[in-house]
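Trainee: Before the terms in this description are accepted, I should like to hear the reasoning behind each of them.

Mentor: Then let us take them one at a time and set each value against its criterion.

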Amino acid sequence: MSGESPRRKNSSGWTHRASRLRPSASGSIVESVQIFGVDIGGSGIKGAPVDLDSGELAEERYKVATPQPSAPDAVADAVAEVVGHFGWTGPVGMTFPGVVTGGVTRTAANMDKQWIGLDTHALLGARLGLPVTVLNDADAAGIAEMAFGAGRDRDGTVILLTFGTGIGSAVFTDGRLVRNTELGHLELHGRDAETHASSKAKEDEKLSWAHWARRVQKYLAHVEMLFSPDLFIIGGGVSREADRFLPLIEGIRAEIVPATLRNSAGIVGAAMTASRAR
Ligand code: BGC
């Protein structure tokens with residue numbers, strides 16, 4: 001059962017249009033406001049409609065492998081497959097693993113270099129024929145964690161770091177995001193930090209948890225020296241295994257907690273951003 005509602009404000013204060021009718025736990029029919037979120041990563045592209053009131057995926061997410069090479073046209077086709085899987089026809093928010101300003105992708109450390117300087121907003125909007133919003137993947141994850149996850153109700157300086165193929169960052173001060181901070185590319189031991197301390201580095205170099213935790217600790221100490229955050233939120237796929245490395249990290253003044261939205265943070269944050277953009 002589905003239907004469009006007129007533009008209005010939901011309980012979080014954002015405007016939106018897409019909505020669906022769904023049965024509630026008690027069996028009555030309620031309106032849930034939904035926007036579609038897509039998380040584009042170096043290895044997978046995943047998406048789902050997001051319930052903006054709860055910050056939860058409204059349906060099980062659908063995932064396809066990122067085409068290799070990850071050229072823009074091939075990735076746009078994969079995004080269309082994910083969105084088409086749900087027969088979605090409303091607004092779509094998307095993440096990209098690089099700097100995004102004004103809908104243009106400016107960097108692509110772990111994606112095909114054709115993305116650099118591309119008007120990705122125009123490309124994906126034309127491919128889907130739907131209103132789209134594009135933002136950095138870690139910024140999206142941070143927005144979702146601040147609203148519905150580990151950063152909820154947290155003021156001061158909060159830094160979310162995603163450890164995956166690269167290291168992504170989202171910096172908040174009293175709940176406001178400074179976009180495109182790219183702290184994964186700080187220099188550590190003369191190297192790009194993400195090549196040293198991402199979870200890909202752990203896998204590629206077959207590092208033990210203890211060895212990798214020492215690298216993460218040095219990286220966090222460096223970020224702490226620069227920003228003095230009150231809270232670090234550790235995200236990315238590896239946050240599922242936070243118990244195996246967070247207890248090994250010492251000497252950081254800030255509180256350190258794992259992200260709680262896990263794999264859906266990027267999808268949820270992308271949908272929230274698309275909703276705000278309307
Ligand atoms: C990119 C960031 C991205 C991070 C996580 C880095 O290589 O430069 O923009 O957020 O990877 O995907």
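Trainee: Where does Leu-231 lie, and why does Leu-231 count as buried?

Mentor: In this predicted model, Leu-231 belongs to strand β18, which spans residues 231-235. Its relative accessibility is 1%, and buried means under 20%; Leu-231 therefore counts as buried.

Trainee: How far apart are Leu-231 and Thr-157 in sequence and in space?

Mentor: The two are separated by 74 residues in sequence, while their C-alpha atoms are 6.8 Å apart.

Trainee: Why is Asn-180 called buried?

Mentor: Asn-180 has a relative accessible area of 17%. The limit for buried is under 20%, so Asn-180 meets it. Asn-180 sits in the loop between β15 (176-178) and β16 (187-188).

Trainee: What makes the approach of the Asn-180 side chain to the backbone oxygen of Val-100 a polar contact?

Mentor: The distance is 2.9 Å, and the cut-off for a pair of N or O atoms is within 3.5 Å. The pair therefore qualifies as a polar contact.

Trainee: Why does Met-225 count as exposed?

Mentor: Met-225, in helix α6 (residues 209-227), has 55% relative accessibility. Exposed means over 50%, so Met-225 falls in that class. Together with Leu-226 and Phe-227, Met-225 forms a nonpolar surface patch with about 290 Å² of accessible area.

Trainee: Which residues are closest to the ligand, and how many surround it?

Mentor: The ligand is surrounded by 13 residues, the closest being Asn-136, Asp-137, Glu-182, His-185 and Glu-194. At least two residues of this shell come from each of α3 (137-148) and β14 (167-173). Sorted by class, the shell has four nonpolar, six polar and three charged residues.

Trainee: How do you know that Glu-182, His-185 and Asn-110 make polar contacts with the ligand?

Mentor: Each distance is set against the limit of 3.5 Å. An N or O atom in the side chain of Glu-182 is 2.5 Å from a ligand oxygen. For His-185, a polar side-chain atom lies 2.7 Å from an oxygen atom of the ligand. For Asn-110, the corresponding distance is 3.2 Å. These pairs therefore count as polar contacts.

Trainee: How much of the ligand's accessible area does the protein cover?

Mentor: On its own, the ligand has 310 Å² of accessible area, and the protein covers 94% of it.

Note on methods:
Residues are numbered from 1 along each chain as its sequence is written. This is a predicted model: local features need pLDDT of at least 70, side-chain atom pairs count only at pLDDT 80 or more; totals for chains, interfaces and linings use all residues. Side-chain values use heavy atoms; hydrogens and water are left out. Patches are made of residues with over 30% relative accessible area and no salt bridge: like charges are joined within 9 Å, nonpolar side chains (Val, Leu, Ile, Met, Phe, Trp, Tyr) within 5 Å. Accessible areas come from the Shrake-Rupley method with a 1.4 Å probe; for residues, only the protein chains shown count as cover. A salt bridge is a side-chain nitrogen of Lys or Arg within 4 Å of a carboxyl oxygen of Asp or Glu. Helices (H or I, at least four residues) and strands (E, at least two) are DSSP runs, numbered from the N terminus. Buried means under 20% relative accessible area, exposed over 50%, partly exposed in between (1.4 Å probe, protein chains only). A residue is near a molecule or strand if one of its heavy atoms lies within 4 Å of it. A polar contact is a pair of N or O atoms within 3.5 Å; within protein, one must be able to donate a hydrogen and the other to accept it, and residues adjacent in sequence count only if both atoms are side-chain atoms. Ala, Val, Leu, Ile, Met, Phe, Trp, Tyr, Cys and Pro count as nonpolar, Asp, Glu, Lys and Arg as charged, and the others, Gly among them, as polar.
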